[in-house]
Amino acid sequence: MTSSRPYLVRAFNEWVLDNDCTPYILVDASVQGVQVPTEHVANGQIVLNISPGAVRSLVIGNGALEFSARFGGVPMQVFIPLHAVIAIYAKENGEGMVFGSEPGTPDPDGPGGKFEPRQGEEERPSGRPTLKVVK
């Protein structure tokens, strides 16, 4: 079977918007093919607002999520393979979904899949993704 992730991301995005909330995604920026503003990546992850007021031309396909947006006034085309999306949630209340690994997705312990902390940083103790509010 194909991955359920694209269907769930589309559904949760619609659900969050229908409830007058702001959809945010948490992305593993270390996954090959991810094109995001690297200056906003922290601990190998980036949180992005994908609401209609924040992005243009949002397309959530079966393989990738892409849109154009401005970061610090600079326009950029963002491209995220869907297996790099860790979570989608509402900014206002944290309601949403965190994704686990699925068959056919890259091995998180394989090359480029596991977050390696920078020198002096601690690795997350549980290995689970964390969510934070970005203003």
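In what order do the three strands of the open sheet lie, and is their pairing parallel or antiparallel? The order is β3-β4-β5, and the pairing is antiparallel. The model described here is predicted. Its chain has 135 residues, of which buried residues make up 36%. The secondary structure comes to one helix and seven strands, and the helix comes before the strands when the chain is followed from the N terminus. Of the contacts with a separation of 6 or more, 56% are between residues 24 or more positions apart.

**The open sheet**

- Three strands make up this sheet, in the order β3-β4-β5. Its edges are β3 (56-60) and β5 (74-81), each of which pairs on one side only.
- From one strand to the next, the twist averages 20°.
- Strand β4 covers residues 64-71 and is joined to β5 by eight bridges, with the two strands running antiparallel.
- Within the sheet, E66 stands opposite F79 of β5.
- Helix α1 lies across β3 and β4, and runs at about 135° to β3.

**Helix α1 and residue N13**

- Helix α1 spans residues 5-18, and N13 is placed in it.
- N13 counts as buried because its relative accessibility is 8%, and the limit for buried is under 20%.
- Leaving out residues up to four places away in sequence, N13 touches P23, I50, L58, I60 and I88.
- R10 lies over the face of Y7, at 4.8 Å from the ring centre.

**Aromatic pairs**

- The structure holds two aromatic pairs.
- One of them is F12 with W15: the ring centres are 5.7 Å apart and the planes stand at 90°, so this pair is edge-to-face.
- F12 and W15 both belong to helix α1 and are three residues apart, about one turn of the helix. W15 has a relative accessibility of 40% and therefore counts as partly exposed.
- Y24 and Y89 also form an edge-to-face pair, because their planes are at 65°, with ring centres 6.0 Å apart; the angle limit for edge-to-face is over 60 degrees.
- This pair links distant parts of the chain, with Y24 in strand β1 (residues 23-28), Y89 in strand β6 (residues 85-90), and the two positions 65 residues apart.
- Y24 is buried at a relative accessible area of 7%, and Y89 is buried at 6% relative accessibility.

**Nonpolar cores**

- In soluble globular proteins, nonpolar side chains tend to be buried together.
- The largest nonpolar core here has 23 residues. The members that touch the most other members are V9, I25, V27, L48, L65, F67 and I80.
- Two or more residues of this core come from each of α1, β1, β2 (45-49), β4, β5 and β6. Strand β4 gives the most, with four residues.
- I80 touches I25, V27, V36, L48, A64, L65 and V85, not counting residues up to four places away in sequence.
- A second core, separate from the largest one, has six residues, including Y24, V47, I86 and A87.

**M76 and its surroundings**

- M76 lies in strand β5. Its relative accessible area is 24%, so M76 is partly exposed.
- Setting aside residues up to four places away in sequence, M76 touches Q35, V36, P37, F67, S68, A69 and F71.
- One of these contacts is Q35, which is 41 residues from M76 in sequence. The C-alpha atoms of M76 and Q35 are 9.2 Å apart in space.

**G33 in the loop between β1 and β2**

- G33 is placed in the loop between β1 and β2. With a relative accessible area of 35%, G33 is partly exposed.
- Apart from its neighbours within four places in sequence, G33 is in contact with F79 and P81.
- G33 and P81 are 48 residues apart in sequence, while their C-alpha atoms are 6.6 Å apart in space.
- F79, a contact of G33, is also the residue in β5 that stands opposite E66.

Notes. Residues are numbered from 1 along each chain as its sequence is written. This is a predicted model: local features need pLDDT of at least 70, side-chain atom pairs count only at pLDDT 80 or more; totals for chains, interfaces and linings use all residues. Side-chain values use heavy atoms; hydrogens and water are left out. Buried means under 20% relative accessible area, exposed over 50%, partly exposed in between (1.4 Å probe, protein chains only). Contact means heavy atoms within 4.5 Å. Two strands pair if DSSP finds at least two bridges between them. Axes are lines fitted to C-alpha atoms, for helices over the stretch in contact, and angles run from 0 to 180 degrees between N-to-C directions. Rings of Phe, Tyr and Trp (its six-membered ring) pair if their centres lie within 6.5 Å; planes under 30 degrees apart count as stacked, over 60 as edge-to-face and the rest as tilted. A charge sits over a ring if NZ of Lys or CZ of Arg is within 6 Å of the ring centre and within 35 degrees of the ring normal. A nonpolar core is a set of buried Ala, Val, Leu, Ile, Met, Phe, Trp, Tyr and Cys residues joined through side-chain atoms within 4.5 Å.
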